[in-house]
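Please look over the sequence and the model below. A short briefing on one helix and on the aromatic rings follows.

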Amino acid sequence: MFFAHIALPYRILFLYIEPLAALFGTYTTLFHPEPYLLSLSPTATYSSLTYPIYAQIAGHDLLFSWLQAVLLRSTSSVRIWKIVLFGILMCDVLHLYGSYVVLGPEAFFDPRTWRWEEWITFVMTYGPGLLRAAFCLEIGVSQTRPTKRS
């Protein structure tokens, strides 16, 4: 099997779930920027003058979707997977930092204060982010690919 050296949870998340989620993020950011903004910052005010920023964010989401759905499927190289996933992990860190700045430390670290939007944001960032970090640390990854049987 092409990806046998990469644990199944990684393959399911990075090849299927996340590309679809990023595609949904692309759609939401591009066609519904105001609810997207309010999901990240409950007190922010949307202005159509800032729409180019949302189009750029949608472009990033589309790139993430493509990288995971196409590039990662095209190679079984752990090195390439680590490069791509580490790049996305850096984005995860900045995404969480932005949430921290908007919410403040009290709300950021207290799930009792989270709205459903924060729950979705944090679950979809922390969980995959932790798996990305684990993959980059080669937890559940074998460097040797299985050999073909004759």
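**Helix H1 and the aromatic rings**

H1 bends by about 35° at Ile 17, and Pro 19 is a proline that follows within four residues; the bend at a residue is the angle between axes fitted to the seven residues ending there and the seven starting there. This is a predicted model, in which local features need pLDDT of at least 70, side-chain atom pairs count only at pLDDT 80 or more, and totals for chains, interfaces and linings use all residues. Residues are numbered from 1 along each chain as its sequence is written, and side-chain values use heavy atoms, with hydrogens and water left out.

**Helix H1**
- Helices are DSSP runs (H or I, at least four residues), numbered from the N terminus.
- The 24 residues of H1 (residues 8–31) should span 34 Å at 1.5 Å a residue, and the end C-alpha atoms are 34 Å apart, which agrees; the expected span is 1.5 Å times one less than the number of residues.
- Buried residues (under 20% relative accessible area, 1.4 Å probe, protein chains only) of H1 include Leu 13, Glu 18 and Pro 19.

**Aromatic rings**
- Rings of Phe, Tyr and Trp (its six-membered ring) pair if their centres lie within 6.5 Å; planes under 30 degrees apart count as stacked, over 60 as edge-to-face and the rest as tilted.
- The count comes to 15 aromatic pairs.
- Tyr 10 and Phe 14 are stacked, at 5.9 Å centre to centre with 10° between the planes, and both are buried.
- Trp 114 and Phe 122 have ring centres 4.5 Å apart and planes at 65°, so this pair is edge-to-face.

Conventions
Helices (H or I, at least four residues) and strands (E, at least two) are DSSP runs, numbered from the N terminus. Buried means under 20% relative accessible area, exposed over 50%, partly exposed in between (1.4 Å probe, protein chains only).
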